[in-house]
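Q: I'm new to this structure and would like a close look at a single part of it. Could you pick one strand, walk me through its surroundings, and then show me how the neighbouring pieces are laid out?

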Amino acid sequence: MLIKKASDIRYSEVTPKHLFMNRRKFLTGTAAAVGGIALAGRWISRGLDPQPARAAGAKLTVVTKSPFSTTENVTSYQDVTTYNNYYEFGTDKEEPAKYANTLRTSPWTVEVGGLVDKPKTFDLDAVMKMAPLEERIYRHRCVERWSIVVPWIGFPLSALLKQVEPNSKAKYVAFQSIYDTKQMPRSRYAGIPLPYVEGLRMDEAMHPLALLTFGLYGETLPNQDGAPIRMVVPWKYGFKSIKSIVKITLVERQPPTTWNIAIANEYGFYSNVNPEVDHPRWSQGTERRLGELFMRKTVKFNGYGDQVASLYTGMDLRKNY
């Protein structure tokens, strides 16, 4: 099996290609992005959608603002929807936006079962009606040292899990993405085992910050960002926030996860953002926010330590990386 190494294309060390093609365009674009991001942040604070109507996403109109939101400026919609990791649609950051249009997101069902008293397969409409939708402006950190701030729309995963009534043996939650080679012809070149699988410990999954997500920027999710339903776990590296979920299973033992299967010494099960633990091939002490020129220091738990650090009391977070 071929594993594509980051050393081949050093995304961890360089400015994103679409910003760096020429220096003048990059500097001009950065200045414009800073102004645009600040304006978007002001619009969101007033309860207005900063983006014009788009054919790619349906408006999500009944959405409340969340007290969990960061006050940081949001990253531009353009960057968030054109610079993505979604290997089933290509391993270069720009490819998912080009090729994910082949994914059919309707109809869509999510099978929820395992160690529960009321297993059920939900259609997407039923899932979206389980709890009030809210907008949460979350920081989001990639292991490759880039980060974004996104106004995600969804509700806590715990609202769905309570519907199926986990039993006392359930210690972990396992997730599985859609995998269909007809819809994902480029997946044969992904270099990772598929379907994509992820997992959380039960207390992590029940934490109010763990968001079952249906939209961003006031609209339904674009395909390349994980349509129609994905997780967002903001204190962990981005690959933990699994996209295009079709199956959720509650289990007793720690479930396998895709990147841990592929490269165990680089991607652990917990994958909490921790600047004190370097990736084997680069430091995790700094990051670059998309749309910005300079690196910034990485904050432990991605800045959510006050809310989640207690989940790991007594754990060695270097061993349990």
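A: Sure, but keep in mind as we go that this is a predicted model. Let's start with the aromatic pair that Tyr-83 makes with Trp-146, because Trp-146 will lead us to the strand: Tyr-83 is buried, and so is Trp-146, where buried means under 20% relative accessible area.

Now to the strand itself, β4, which covers residues 134-141. How many of its residues are buried? Eight of its eight, so this strand counts as mostly covered, with buried meaning under 20% relative accessible area. Look at the side chains and you'll see two sets. Glu-134, Arg-136, Tyr-138 and His-140 point one way from β4, while Glu-135, Ile-137, Arg-139 and Arg-141 point the other way, and all of them are buried.

Next, who sits beside β4? One partner is strand β1 (residues 64-65), which pairs with β4 in the parallel sense over two bridges. Thr-64 is the residue that stands opposite Glu-134 there. Another partner is β5, and here the pairing with β4 is antiparallel, over eight bridges. If you want one spot to click on, try Arg-139: its bridge partner in β5 is Val-149. β4 and β5 form a hairpin with four residues between them. In that turn, Arg-145 has a positive phi of about 80°.

Let's zoom in on Glu-134, which lies in strand β4. Is Glu-134 buried or exposed? Its relative accessible area is 15%, and therefore Glu-134 counts as buried, the cut-off being 20%. Its side chain has a polar partner too: a contact of 2.8 Å joins it to the side chain of Ser-66. Setting aside residues up to four places away in sequence, Glu-134 touches Val-63, Thr-64, Ser-66, Trp-152, Ile-153, Gly-154 and Pro-156.

Arg-139 deserves a second look. Besides having Val-149 as its bridge partner in β5, Arg-139 lies over the face of Tyr-304, at 4.5 Å from the ring centre. A similar kind of arrangement turns up elsewhere: Lys-243 lies over the face of Tyr-86, at 5.7 Å from the ring centre.

While we're on rings, the count for the model comes to 12 aromatic pairs. One of them is Tyr-83 with Trp-146, an edge-to-face pair with 5.0 Å centre to centre and 75° between the planes. This pair links distant parts of the chain: Tyr-83 is in the loop between α3 (77-82) and α4 (95-99), Trp-146 is in strand β5 (residues 146-156), and they are 63 residues apart. Phe-269 and Tyr-270 form an edge-to-face pair as well, with 5.2 Å centre to centre and 90° between the planes. Phe-269 is buried, and so is Tyr-270. Those two belong to one aromatic cluster with Tyr-172, Phe-301 and Tyr-312.

Now follow the chain to helix α6 (residues 157-164), which is mostly covered, with six of its eight residues buried. The buried ones are Leu-157, Ser-158, Ala-159, Leu-160, Leu-161 and Val-164. After α6 comes Glu-165, whose phi is positive, near 55°.

What does α6 lie across? It lies across β2 (109-114), β3, β6 and β11 (245-251), and runs at about 65° to β11. Those strands are part of an open sheet of five strands, in the order β3-β2-β11-β6-β7, with mixed pairing. Its edge strands are β3 (120-123) and β7 (197-201), each of which pairs on one side only. From one strand to the next, the twist averages 20°. For a detail inside this sheet, take strand β6 (residues 172-177), which pairs with β7 in the antiparallel sense over five bridges. Gln-176 stands opposite Val-197 in β7.

One last stop, in a loop: Asp-278 lies between α8 (258-262) and β12 (286-289). At 46% relative accessibility, Asp-278 counts as partly exposed. Leaving aside neighbours within four places in sequence, Asp-278 is in contact with Ser-283 and Gln-284. Its side chain reaches the backbone nitrogen of Gln-284 at 3.4 Å. The C-alpha atoms of Asp-278 and Glu-266 are separated by 9.3 Å, and these residues are 12 apart along the chain.

Notes
Residues numbered from 1 in each chain as written. Predicted model: local features only at pLDDT ≥ 70, side-chain atom pairs only at ≥ 80, totals over all residues. Heavy atoms only, no water. Phe/Tyr/Trp six-rings, centres within 6.5 Å; stacked < 30°, edge-to-face > 60°. Buried < 20%, exposed > 50% of the residue type's maximum accessible area, 1.4 Å probe, protein only. Lys NZ or Arg CZ within 6 Å of the ring centre and 35° of its normal. Pairing = 2+ DSSP bridges. Polar contact = N/O pair within 3.5 Å; in protein donor to acceptor, adjacent residues only side chain to side chain. Contact = heavy atoms within 4.5 Å. Axes fitted to C-alpha atoms, helices over the stretch in contact; angles between N-to-C directions.
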